[in-house]
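Biologist: Can you walk me through this model? I'd like to go through it piece by piece.

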Amino acid sequence: MFSKILIANRGEIALRVLKACKEMGIGTVAIYSEADKDLKHVKMADEAICIGPPESSKSYLNIPAIISACELTNAEAIHPGVGFLAENDHFAEQVVASGYTFIGPDPESIRIMGNKISAKEMAVDAGLQCVPGSGRVSATNRETLSKAKKIGYPIMIKAAAGGGGRGISIVYEESDLIPKMKLTQQEALNSFGSDEIYLEKFLDSPRHIEVQVLADNFGNALHFYERDCSIQRKNQKIVEEAPALNIPEEKKQELFKLCTECCKKMKYKGAGTFEFLYKDEEFYFIEMNTRLQVEHTVSEMITEYDLVKLQIGIAAGEELEIKQEEISVRGHAIQCRINAEHPKTFIPSPGKITEWGKPGGIGVRVDSHVYDGCIISPYYDALIAKICTQGKDREEALCRMSFALEEFFVEGIDTNKELQEIILSEENFRKANISINYLEKVLDIN
Ligand code: MV4
């Protein structure tokens, strides 16, 4: 096992990783930007190194500075957390080339899944179904129009290097296709340095379901069931839950099998998430995230496994000892993300937290780095707390969440707590009658 891990992230996820390290008796190194010297995990880590000014590009995305911090502290491995460099194959490669362990999959797996066209090919190889579409297409190719006609309108144009909602556009009729493709190619080139694009049939109001997996270096691949992450605004998830409601059990089991088969086939290592759109009782693979996710918490609550500890064990070369049959679902879990933002405009609301009271009690878990008097910086994302509740069934989990939100208070900044309360009591949500368009369609939020 490692004797020291460097945590290359900030906020609640850095604290989450720190806790796993402490439980495992592993030493910890925090890295922080000049804006983050007072973060909780920085104070709790065994060592802490300032790696640059507040701007992410000069600190949490600064690869040479992070690797230098490793050299300085003799850390053996780097946990990238979520976001920042977690899905950067170049970073993973540099970490390995410098003699450290990257706690995540091989650079090659990150690269394959980073390109959404090769990701879909990999998924199809393993027997997963994708949204009908094209491979790589170009606005200037003569065959493009006939390919599009075959798919049928409306069509989604997606950048191969995009993902998570970036670099996508919709076309409703043929006459708009070529101009929109040109535009998307140009935008993709500007944003990702690649103008590679592909087409997909547009699915109207699907659900967003994802499958959590964990695979080791010995060919073992496990799934930790699914999450429903449909409740989102502008690709930012707001409420997540596990398991997903109203999906036939056989359909899910079939999907889990294909996901773990895909992991084995590509010799995937570490934690990962297969993302699907779900519509009319069919799952369509769209992307794979090659990292831990913010919402891993709900999977931990229903399975009672610590995914971060398992992730670290795998990176240290340990074999997974858990058998799939031992992983069962205990009731239901739900997570509400609390963001520091204006409740109506969604504009970030940084500032000093003057009062902070977090909920507790049976079945309640709060992942947060916030404390009384701490300052929420304008430089980073607005997530300040993840409130998770678990119960014997969805009803109990929701009931506990309602009380948890009522008990939770924060002064000094605005939050989206009120929106969470509205969602929780809304009748369509109560019936799990949800889709990725829930907020705009049901609550008229854009
Ligand atoms: C789609 C889609 C509908 N049809 N693909 C957006 C982000 C990226 N992860 C994939 N996305 C979508 N792909 C087809 N063929 C709708 C979305 C989508 C979405 C997907 C998951 C979660 C939130 C979303 C919000 C808007 C659009």
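Modeller: We can take the basics, then the ligand site, the sheets and some backbone oddities.

Biologist: What kind of model is it, and what was counted?

Modeller: This is a predicted model, in which local features need pLDDT of at least 70, side-chain atom pairs count only at pLDDT 80 or more, and totals for chains, interfaces and linings use all residues. Residues are numbered from 1 along each chain as its sequence is written, and side-chain values use heavy atoms, with hydrogens and water left out.

Biologist: Which domains is the protein divided into?

Modeller: Domain 1 covers 4–102, domain 2 covers 132–201 and domain 3 covers 207–441. Those bounds come from an automatic or database domain assignment. The centres of domain 1 and domain 2, taken over C-alpha atoms, are separated by 37 Å.

Biologist: Now the ligand. Which residues come nearest?

Modeller: Lys158, Gly165, Glu200, Lys201 and Leu203 come nearest, out of 18 residues around the ligand. A residue is near a molecule or strand if one of its heavy atoms lies within 4 Å of it.

Biologist: Which domains does the shell draw on?

Modeller: Domain 2 and domain 3 each give at least three residues to the shell around the ligand. Strands E7 (155–163), E9 (197–201), E13 (270–279) and E14 (282–289) each supply at least two. Strands (E, at least two residues) and helices (H or I, at least four) are DSSP runs, numbered from the N terminus.

Biologist: What's the mix by class?

Modeller: Eight nonpolar, five polar and five charged residues make up the shell. Here Ala, Val, Leu, Ile, Met, Phe, Trp, Tyr, Cys and Pro count as nonpolar, Asp, Glu, Lys and Arg as charged, and the others, Gly among them, as polar.

Biologist: And what lies close to the ligand nitrogen atoms?

Modeller: A backbone N or O atom of Lys201 lies 2.7 Å from a nitrogen atom of the ligand. For Leu203, a backbone N or O atom lies 3.0 Å from a ligand nitrogen atom. Glu287 places a polar side-chain atom 3.0 Å from a nitrogen atom of the ligand. Taken alone, the ligand exposes 510 Å², of which the protein buries 91%. Accessible areas come from the Shrake-Rupley method with a 1.4 Å probe; for residues, only the protein chains shown count as cover.

Biologist: Back to strand E7. Is Ile155 buried or exposed?

Modeller: Ile155, found in strand E7, counts as buried at 0% relative accessibility. Buried means under 20% relative accessible area, exposed over 50%, and partly exposed in between (1.4 Å probe, protein chains only). Ile155 and Lys201 are 46 residues apart in sequence and 4.7 Å apart in space, C-alpha to C-alpha.

Biologist: Changing topic: in what order do the strands of the open sheet come?

Modeller: The order is E3-E2-E1-E4-E5, five strands with parallel pairing. E3 (47–52) and E5 (101–102) stand at the edges with a single partner strand each, so one side of each has no neighbour in the sheet. E2 (residues 27–33) is joined to E3 by five bridges; Val29, for one, has Glu47 in E3 as its bridge partner. Two strands pair if DSSP finds at least two bridges between them.

Biologist: What about E12, how many of its residues are buried?

Modeller: Six of the seven residues of E12 (residues 236–242) are buried. E12 pairs with E11 (residues 221–233) in the antiparallel sense over four bridges, and with E15 (residues 332–339), also antiparallel, over four bridges. In the second pairing, Val239 has Cys336 in E15 as its bridge partner.

Biologist: Where is Lys234?

Modeller: Lys234 is in the loop between E11 and E12. Although not a glycine, Lys234 has a positive phi of about 50 degrees, and at 59% relative accessibility Lys234 counts as exposed.

Biologist: Which residues of H10 are buried?

Modeller: His296, Thr297, Val298, Ser299, Glu300, Met301, Ile302 and Thr303 are buried. That is eight of the eight residues of H10, so the helix is largely enclosed by the rest of the structure. Glu304 follows H10 and has a positive phi, near 65 degrees.

Biologist: Last one: where are the cis peptide bonds?

Modeller: One cis peptide bond joins Tyr153 and Pro154, with omega about -5 degrees. Another joins Ala242 and Pro243, with omega about -10 degrees. Pro154 is in the loop between helix H7 (144–151) and E7, while Pro243 lies in the loop between E12 and helix H9 (249–265).

Technical notes:
Polar contact = N/O pair within 3.5 Å; in protein donor to acceptor, adjacent residues only side chain to side chain.
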